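Biologist: I would like a close look at the disulfides, with the surroundings of each half. How many does a search of the whole structure find over all chains?

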Amino acid sequence: MRRDGWLPGVLGAVTKGLLILWAVPGQGGRSLQHPTLQQVQALVRHMAEDAQELFTFYEKDQGLAIGHLCRTNRPPEWLRGPSLGTRGLRGLRGTMTHMAQALQDITRHQRDLNPPGAEILRRLASAHLKVRGLLNNLEGLYPAPSPHPTRRLPPGPTAPTKVFRQKLEGCQILWSYSRFLVKLNTLLETRRLRAHRQRQRAHQGSRMPMSS
Amino acid sequence: MMNHFMVLVVLLSLMTCSTTYSEQESFVFPVTYVNISKDLVLQQLVVEWDVGKSAHEAELAMSFEIQVYQTDVATTVWTEFLNVTLDKSGKPLHWVWDSDFPLECMSHSVRIRSRAEISNIWSQWSLWKTVLGLDTSNNHGPQIFPNEKIVEEGSDISFCCIGSEGQIVKDFFLVPTIPAFNHTNGRLGLLTVKNVTHHGSPHIMVYCQESCNETQCYDHAGFFVGKPPDTPHDFSCQTQDTRTVTCTWSPGGDTYLYGRHSPKYVLSDEFSQNPILCTVSCSEQCSCSWDIEQQKICNITLTVENPLGKKTAMDVFDVTHRIYPTAPFQLWEECTDTEITLYWKLQNIGIELFCQTEVLQPNGKVEVHNSSAGHLSYGSVTLRGLQPYTEYKARVHCGAAQDFWRWSEWSEAQTIRTKEAAPSGTLDIWREIKPGLGGRNVTLFWKQGPKFQANGKIISYEVTWTKVEDASEPESISLSSVCNSTRIFIDSHSYRISIMAKNNVNYSLPSVLIIPTGPEGDHSGSELEEERVNGTDDGIFFSWEPRHIYDSYIIDWCNVPALQPCDFQWKRFGANTSSALISSAAFVPGVRYNFHVYGSVANTATLLEKKTGYFKELPPLFDPVVENIELTFNAVTLYWDSYPTNESQPGFLRGYHVYISPLQEDCSLKGSKKHVLPDNSVLCKYSIDNPEEKRYTVKHLLSNTKYRLVVKAYTGGGENPIVNFRYIDTPFNLNILYLLLLLVIVPALAAAICLWKIKWVQECCCPVIPHPNKSRVLSFKEFNIGSEKVLKISDCIPDMLAVDSKAEAQKLHPQSPLSSTSTAEKTDGHSSSWIYAKENEERDFTPTPTPQTHTWFANFAYSSHLAVDSDSYQIPETLEASKPKLSVALYQPHYYDIFNEDAASTPRETCGRKASLKYISQTPVHCLGRRL
């Protein structure tokens, strides 16, 4: 039996696992400690890839890959951006809180459509865990002053709506989410490179008098 | 008159008809009004109508024909006849029509007509009453109907898409793609899926697109395909304590409907005052428990429902008949050496219980013991007939003694060991006797045979020995439980030896051996011959001669003969046994095992036979060492050292094989067998079946040839592969040289001498003028003149004449009609006949025999009365070739045959023929009788 691509797939999964172990504090039996910015960046990079895969799978699995129905240019308010302004990554917490809630709602809808243990449910649960992981990292990185750092959103509407509408909304949220993470990752990467260049320049500047 | 009558008949008939019709018409009650509405949730048309009040008053039985008409397709889609008996209440009539097609999709019209049962006349149709579809509305963007419908697998479903006013439906399809009938007509699209099946996707999407490209030009809908729930399987209820009832069931097959559409199970009890608060959504094994308090009879209904259907299962039962007790717990025991009393606790539920105890014995057998626990909160059972100091495993389960329903779960298994008892049976003992200084060393062995039961932990073995002849004080030693042998020294007297095992309770019965009087061991000095025995796949089998005086036989041997101690073994056989298959895991191929067969009577054993054999014979470990090789030009004799045949060999030596072959070619010597090596070269193989043989001669070799050879010993296990050869060169055969010498040199020498003494030889052997007296011609006694013999010509019967062709001869016969030339020709002719015959031989040509008789005489003296024939076989060339020879052969004898029988005979044949006349004259001229 041919197993083309099996080894790269396994290697990729192992790499991702190791990355998560490193990126999410407290994973892998390590003691809880404050995450570093690099860890957050790594996790965002991984989540961006994961969100793209989730969207692609969802769009096809739900029969929505027609006429770019899901690929909306009007994302929900809380998924617009990202902007790393004066608040930096702090502003990400609100987005991720909304996203965690949205993923729970999508999962609930999908439970009406799929048997327990279906692939889409597994992927949604995995994405939800990563969002919770990023939220934890952000809490560790920027401890909130208030005793309730993350504002719990009220659960989504449970009244049954049209199944198609729910599917489409879920799909559009996942599309916007994947776009959001791609942009965020690009921003963080640009920032990291700029900081790296500045450090190099500063380092070279401090060495110049010595060499002359 | 007739015309008047006819007119009267017609009038009467018309009057009758008119009266009848008017009577019937008075029973027609047309529909007074029709009202129609649609229930979009249920997809039903609700029709209401009425007939005249008088019909109600008369409580008429009426029939109504109702037609449903779809406006857009201009088809009557339904016709139904309805029989109704009116009542006096005067309420309007209702009829509901379930539409398979979404009522939103198009307008539907209904009309009705009536007929009283007492009349055969239908009323007029009512006017069409119409409910409009959405296809007449001015909606924005396309709309699909129905949406979110749940469809049973195997059924049909129809969709419509109503486009905006002025638009047309461009695309109307399903995702995933499944076969469907698609029809589009302007702003209305119709899609029908027949026999819809579950396609692995829980939710099938329907897309509709108008002829524009904006987002609102799309509409989407979806539907679920599923199955109604199966009736729950194995639904049953039981109780462990008569207060709480638990019902269990299996849900059945997948309905393909999940989440809020998945099957919901509801339990209800008809006899209960309180509802059962139990709504279960389960996937595999379902159960529900609730408190029934004092209720004794239950009538439980399990209902399972999903959007496609509902199924029920029922269970009516008396609670006391559904007792499923809790498993017994806290087991403990009391035991003796042969009995165990096992106790356990039970949950007291006020019902008599019956319990079963399962006992697992050490041999793997399972015994079940029944016991009654009554109404007590504990139970017990006594297990008897057990083995002392033996481990048993026991577990218990219980069920209701009356109205048994089900066994409880098993309790935890309890492992119990019975107490010790004195050892039973006797040890199996044996001995090995070896001569010692002033007595004998006796090694005693013992083991726990099949008849022996230790019944506890053996703590020691007691060995006692005493002289048989006198009542001397016995000697005794005690040995640890780990021992299974000991050695004692006894003198040459007869001794009685006993061995007992001891455990914590007591001694076993003694096992007794009597060592008879004698200074020697039991093996040495015996005149018994060792018999060879053969191994089998299962062991070493042999037999012995049975003797009736013995009550048993014992065979002993060593498992590892090469070691000391040699792992001494013995085995006992009954008096009726005369063969044994000795098997042991310690037996290995290539080891010679020695067996001694003893007969035993009254505890005294006598050596009867000796056997020796291999479990499996192996080839010898090494080849015989060839010490000497004697070589002649055609034979080689090999001498090898004496080869060991003792137990060091891995098999019984059967003999030797000698292999030989020329170095450059395969061997095929006379008297040998062929043996093919793995490289396909062929050797000659000679077998020597005597292991004592130490020499062998291989004959028929070629001289001056290089040979390779090897001597291999072989056993019953065969021989080792041929690895190394010895090489020999046979010498040159001198006899051939001598023969050559003899055949060449001696004749050459003789010829040389002859050449050297040619004159003398010529004189001696072939004188020019032979001495008459030496000629055989004159060896007759007919006539003597003086000292000379005279031959009468009449007595001479010449057979062959030689002609001297010298000129002198010609001179003697000047008038001869046969000139010398003609004679020579004839001679040539005859001579050519010889040549011809010779050529026949050489060419393998068989001439046709010629019956002619031709006798040739070159001598004219005889030619007068002899017919002369020409030779028809003369070959001109041959004749030509022969002429010069004649001219030079001036004085050479010529041979003339008288062929009387076969003219084609060769000269050699003629010479060999005794019957033919032949005269060969050395001097034919003399033979002509010149002196006569």
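Modeller: What follows takes three of the bonds in turn, with a short detour to a sheet beside one of them. This is a predicted model, in which local features need pLDDT of at least 70 and side-chain atom pairs pLDDT 80 or more, while totals for chains, interfaces and linings use all residues. Residues are numbered from 1 along each chain as written, chains are lettered from A and ligands numbered from 1 in the order written, and side-chain values use heavy atoms without hydrogens or water.

Over all chains, the search finds seven disulfides, each a pair of cysteine sulfur atoms within 2.5 Å. One of them joins B:Cys105 and B:Cys160, with 1.6 Å from S to S. The torsion about this S-S bond is about -85°, so the disulfide is left-handed. B:Cys105 sits in the loop between strand S5 (93–98) and S6 of chain B, and B:Cys160 belongs to strand S10 (residues 157–162) of chain B, so the bond ties together parts 55 residues apart in sequence. Strands here are DSSP runs (E, at least two residues), as helices are (H or I, at least four), numbered from the N terminus. Both B:Cys105 and B:Cys160 are buried, that is, under 20% relative accessible area (exposed is over 50%, partly exposed in between; 1.4 Å probe, protein chains only).

The loop with B:Cys105 lies between S5 and S6 of chain B, and S6 takes part in an open sheet. The order in that sheet is S4-S3-S6-S7 of chain B, four strands with antiparallel pairing. Its edges are strand S4 (75–85) and strand S7 (129–131) of chain B, each of which pairs on one side only. Strand S6 (residues 108–116) of chain B meets S7(B) in the antiparallel sense through three bridges; two strands count as paired when DSSP finds at least two bridges between them. Across this pairing, B:Val110 has B:Lys129 of S7(B) opposite.

Next comes the disulfide between B:Cys355 and B:Cys398, where the S to S distance is 2.0 Å. Here the torsion about the S-S bond is about 100°, so this disulfide is right-handed. B:Cys355 lies in strand S25 (residues 353–360) of chain B and B:Cys398 in strand S28 (residues 391–400) of chain B, so the pair ties together parts that are 43 residues apart in sequence. At a relative accessible area of 0%, B:Cys355 is buried. B:Cys398 is buried too, also with 0%.

A further bond runs from B:Cys667 to B:Cys684, 1.9 Å from S to S. With a torsion of about -100° about the S-S bond of B:Cys667 and B:Cys684, the disulfide is left-handed. The pair links distant parts of the chain, 17 residues apart: B:Cys667 is found in the loop between strand S46 (653–662) and strand S47 (673–676) of chain B, and B:Cys684 in strand S48 (residues 682–688) of chain B. B:Cys667 has a relative accessible area of 2% and is buried. For B:Cys684 the value is 0%, again buried.

To set beside these buried halves, B:Cys754 has 39% relative accessibility and counts as partly exposed. As for handedness, the bond of B:Cys105 and B:Cys160 is left-handed, that of B:Cys355 and B:Cys398 is right-handed, and that of B:Cys667 and B:Cys684 is left-handed.
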